[in-house]
Amino acid sequence: MVTENIAVRKSAARGPRGAGLPLRRVRRTATPPRPLSLALQGGGAHGAFTWGVLDRLLEEPWIAIDGLSGASAGALNAAALASGWQAGGRHPRAAARETLERLWRRIGTLADFGPPLMAAPAFQMMTRLFSPYQLNPLNVNPLRGVLEEVIDFEALQHARAPRLFVSATDLKQGRAVVFENEEMSVDALLASACLPHLYKAVTIGDAHYWDGGFMANPTIFPLVFNCDARDVLIVQIDSPTTEDLPRSPSQIDTRRSQIVFNAPLMRELEALGYMGRMAGRRGCGLSDRVKGLNLHMLHGGAAMQGLDVASKQRADWGFLSTLKETGRAAAQAWLAAHRDDLGERSTLTLS
């Protein structure tokens, strides 16, 4: 677990050098560090919302980032945060925020979140008729250069880097695969963000991968069982619920996408809820990790729910900046409501 600034807080409790004040008379005003793991959902350009959430959370020195799980755009955000944090030396938070900003500014220079002209209606129609093996035979992916420029992969593989879990879908086996720090590479991140109607499957070793959101969006279990933090915050992009019945083709497509990409997360949460109930029974062998788990969820509410699925492919800077500010505002509201819950209780009720 990353616990920067702890030594500073301990020394501050002793008072000024030479003051001779008894320890009991020194008031400690700093909030003790609270370990937190983050599970970051994918969603193309909508991942800029998560950027805003992370940017606001990193301003809080009492939050100690432990582990990061992500799929697709969530994986890019997780890798950027972990890379900057580890490479930042004595200022990990500032470096993590800077790396996230560099990532999204570079994405903002792209025409869209895919091959050239992807946002054009004619091109989108063509993707329904032809595969990327026909439309994109050279497998051009503008994200490759962005990731190679922004992410320090050696820093991610360092033993003291935040724990990182990036999910992808093994297309032949039809199952989720999770890449960890020592396996992290450009190809692992591209595999996690590989939309099959736009790009050829990413090959790593003998396996072929599609977007991680199909099977783990994001995965929660590694954060529960492989990290020290007892609190896990899920940053959700796709709205789990809706008040309106979708009627237009665009509304139907958007709601279908929300259901499909939320399904893996819902399954893991339901499994954790079941394990939590079983763990309370005498003689049950489930780990204390489940019994002591505090789950939290943060989402964009109506602001994100009103975006259609096509906007996930936009990458213009104005749109990304707006999403970032939406994320910061959502994080601010969540902190105001649940700051005192971290380390104490869950704020997400499991069915």
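The exercises below work through a predicted model of a protein chain, each with a solution set out in steps.

**Exercise 1. Overall make-up and confidence**

Task: Determine how many helices and strands the protein chain has, and where the pLDDT falls below 50.

Solution. Begin with the secondary structure, which comes to 14 helices and eight strands. Of the 351 residues of the chain, 50% count as buried, and among contacts between residues at least 6 apart in sequence, 77% join residues at least 24 apart.

Next, turn to confidence: the chain averages a pLDDT of 83, and 82% of the residues score at least 70. Over residues 1-29, however, the pLDDT is below 50, although this stretch has 26 contacts in the model beyond near neighbours in sequence. The pLDDT also stays under 50 over residues 113-120, for which the model has 28 contacts beyond four places in sequence.

Finally, consider how to treat such stretches: where pLDDT is low, the predicted coordinates should not be read in detail.

**Exercise 2. Strand order around β2 and β3**

Task: Work out which strands pair with β2 and with β3, and in which sense each pair runs.

Solution. Start from strand β1 (residues 34-40), which is joined to β2 by six bridges, the two strands running parallel. A reference point for this pairing is R34, which stands opposite I63 in β2. The connection can be followed through helix α2 (residues 47-57), since β1, α2 and β2 make a right-handed β-α-β unit.

Continue from β2 to strand β3 (residues 163-170), where five bridges join the two strands, again in the parallel sense. Two residue pairs fix the register here: L68 stands opposite L164, and G70 stands opposite V166.

Then follow β3 to strand β4 (residues 175-180), to which six bridges join β3 in an antiparallel arrangement. V166 stands opposite F179 in β4, so that V166 can be placed between G70 of β2 and F179 of β4 by its bridge partners. β3 and β4 form a hairpin with four residues between them, and in the turn G174 has a positive phi of about 65°.

Last, add strand β6 (residues 207-210), which pairs with β3 in the antiparallel sense over two bridges; the bridge partner of D170 in β6 is Y209.

**Exercise 3. Burial in the strands**

Task: Decide whether β2 is enclosed or open, and place S37 of β1 in its surroundings.

Solution. Count first for β2 (residues 63-71): nine of the nine residues are buried, so this strand is largely enclosed by the rest of the structure. For β3 the count is seven buried residues of eight, and the strand is mostly covered.

Now take S37, which lies in strand β1 and is buried, with a relative accessible area of 0%. Its side chain reaches the backbone nitrogen of G67 at 3.2 Å. Leaving aside neighbours within four places in sequence, the residues in contact with S37 are D66, G67, L223, C227, A229, D231, V232 and L233.

**Exercise 4. The buried face of α7**

Task: Identify the buried residues of helix α7 and explain why they line one face.

Solution. List the buried residues of α7 (residues 142-150), namely L143, V146, L147 and V150. Seen down the axis of the helix, these residues fall within an arc of 95°, so they line one face of α7.

Then ask what covers them: the cover includes α3 (73-87), α4 (92-107), α8 (153-156) and α9 (186-192). The N-terminal end of α7 is capped by N141, a side-chain oxygen of which lies 3.0 Å from the backbone nitrogen of L143.

**Exercise 5. Unusual backbone geometry**

Task: Find which peptide bond is cis, and which residue other than glycine has a phi near 55°.

Solution. Recall the background first: most residues other than glycine have a negative phi, and most peptide bonds are trans.

Against this, a cis peptide bond joins N217 and P218, with omega about -10°; P218 sits in the loop between β6 and α10 (221-226).

The second case is S72, a residue other than glycine whose phi is positive, near 55°. S72 belongs to the loop between β2 and α3, and this residue is buried, with a relative accessible area of 9%.

Notes
Residues numbered from 1 in each chain as written. Predicted model: local features only at pLDDT ≥ 70, side-chain atom pairs only at ≥ 80, totals over all residues. Heavy atoms only, no water. Pairing = 2+ DSSP bridges. Right-handed = clockwise from strand over helix to strand, strands pointing away. pLDDT = per-residue confidence, 0-100. Contact = heavy atoms within 4.5 Å. Buried < 20%, exposed > 50% of the residue type's maximum accessible area, 1.4 Å probe, protein only. Arc of directions from axis to C-beta. Polar contact = N/O pair within 3.5 Å; in protein donor to acceptor, adjacent residues only side chain to side chain.
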